[in-house]
Amino acid sequence: MKNIVILISGSGSNMAAIVRAAEQERWADRLQARVAAVISNKADAQGLAFAQEHGIATAVLDHKAFASREDFDAALMARIDAFSPSLVVLAGFMRILTPGFVAHYAGRLLNIHPSLLPAFPGLNTHQRAIDAGCKFAGATVHQVTADLDHGPILDQAVVPVMADDTPEQLAARVLTQEHLIYPRAVAQFLA
């Protein structure tokens, strides 16, 4: 069985979309894959309850309890590796990972970013797209490399930018597409 470990920091809506797809598309039978664990760096992450309701192991590792980013990432790796992951999925995990962490999971670490990479890596993507006068925005699923938001692209979705869009309106439109492409990209990657 290919174990998937998903990292979240908040609501976990992309994690929930992946879990639902795994159940509905019978990944355990079709891909010999399952979501084995959901780990958060925040104890109050709402997505943890969803994972628990679906019988998925959960864990919390508070990054504030560690002296350095490297110490946190080392502890996080130990927690993840306890599940023997074939794939580690970042789903709204709001931490920049150390090069050592990224290297440890090279070739099996995925992320979703709310822009059409390589445009607008980093934060505030929706406001930046609006400010730049973009007619289209979207989301990108990519493999994680040491360069922030620059790994090989696995899937993308495009949405229009409306003339009167606020960043929140654009974000909501993009998020609906994230929920479609992230599970698809994970399944294709595992296949």
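**View A. D155, at 12% relative accessibility, counts as buried.** This close-up, like the others here, comes from a predicted model. D155 forms a salt bridge with R184, and their closest N and O atoms are 2.8 Å apart. R184 belongs to helix α7 and D155 to strand β7 (residues 153-160), so this pair ties together parts that are 29 residues apart in sequence. Which side of the pair is partly exposed? R184 is, with a relative accessible area of 39%. The cut-off for buried is under 20% relative accessible area, so D155 at 12% falls under it.

**View B. R173 and D165 form a salt bridge.** Here the closest N and O atoms are 2.8 Å apart. Is D165 buried or exposed? At 10% relative accessibility, D165 counts as buried. R173 has 21% relative accessibility and counts as partly exposed. With the cut-off for buried at under 20%, R173 is not in that class because its value is 21%.

**View C. R30 and E25 make a salt bridge, with 3.4 Å between the closest N and O atoms.** Take a look at how both partners meet the surface. R30 is partly exposed, its relative accessible area being 48%, and E25 is also partly exposed, at 39%. How many salt bridges does a search of the whole structure find? It finds four, and the pair of R30 and E25 is one of them.

**View D. Helix α7 spans residues 167-190 and carries a kink centred on E178.** The helix has 24 residues. From its first C-alpha to its last, α7 reaches 33 Å, close to the 34 Å expected at 1.5 Å a residue. The kink amounts to about 25 degrees. E178 itself, at the centre of the kink, is among the buried residues of α7. Which other residues of α7 are buried? They are L170, V174, I181, Y182, P183, A185, V186, A187 and L190. An α-helix has 3.6 residues a turn, so residues three or four places apart point the same way. With that in mind, it is worth following L170, V174, E178, I181 and A185 along the helix, as these are among its buried residues.

**View E. The largest pocket has a volume of about 960 Å³.** In total, 38 residues line this pocket. Which residues lie nearest its centre? These are F93, M94, I112, H113 and P114. By class, the lining holds 16 nonpolar, 18 polar and four charged residues. Several elements take part: α1 (13-24), β5 (109-113), α6 (125-131), β6 (136-143) and α7 each supply at least two lining residues. The largest share, four residues, comes from α7.

**View F. Helix α1 is followed by a residue with positive phi, R26.** The helix has 12 residues and reaches 16 Å from its first C-alpha to its last, close to the 16 Å expected at 1.5 Å a residue. Its buried residues are N14, M15, A16, A17, I18, V19, A21 and A22. What is special about R26? Its phi is near 50 degrees, a positive value in a residue other than glycine. R26 sits in the loop between α1 and α2 (27-30). R26 is exposed, with a relative accessible area of 51%; because exposed means over 50%, this value places R26 in that class.

**View G. The loop between β5 and α6 holds both P118 and N124.** Which peptide bond here is cis? The bond from L117 to P118 is, with omega near 15 degrees. In the loop of P118 you will also find N124, whose phi is near 60 degrees, a positive value in a residue other than glycine. N124 counts as exposed, at 60% relative accessibility.

**View H. V102 and I112 are 15 Å apart in space, C-alpha to C-alpha.** In sequence, the two are 10 residues apart. V102 lies in helix α5 (residues 99-104). Is V102 buried or exposed? At 7% relative accessibility, V102 counts as buried. I112 has appeared already, as one of the residues nearest the centre of the largest pocket.

Definitions and conventions
Residues are numbered from 1 along each chain as its sequence is written. This is a predicted model: local features need pLDDT of at least 70, side-chain atom pairs count only at pLDDT 80 or more; totals for chains, interfaces and linings use all residues. Side-chain values use heavy atoms; hydrogens and water are left out. The expected span of a helix is 1.5 Å times one less than its number of residues. The bend at a residue is the angle between axes fitted to the seven residues ending there and the seven starting there. Buried means under 20% relative accessible area, exposed over 50%, partly exposed in between (1.4 Å probe, protein chains only). On a 1 Å grid over the protein atoms alone, a cavity is a set of points where a 1.4 Å probe fits but cannot get out, and a pocket is an open set with protein on both sides within 12 Å along at least five of seven lines; lining residues have an atom within 4 Å of a point. Grid points are joined across faces, edges and corners, and a volume is the space filled by probe spheres set on the points. Ala, Val, Leu, Ile, Met, Phe, Trp, Tyr, Cys and Pro count as nonpolar, Asp, Glu, Lys and Arg as charged, and the others, Gly among them, as polar. A salt bridge is a side-chain nitrogen of Lys or Arg within 4 Å of a carboxyl oxygen of Asp or Glu.
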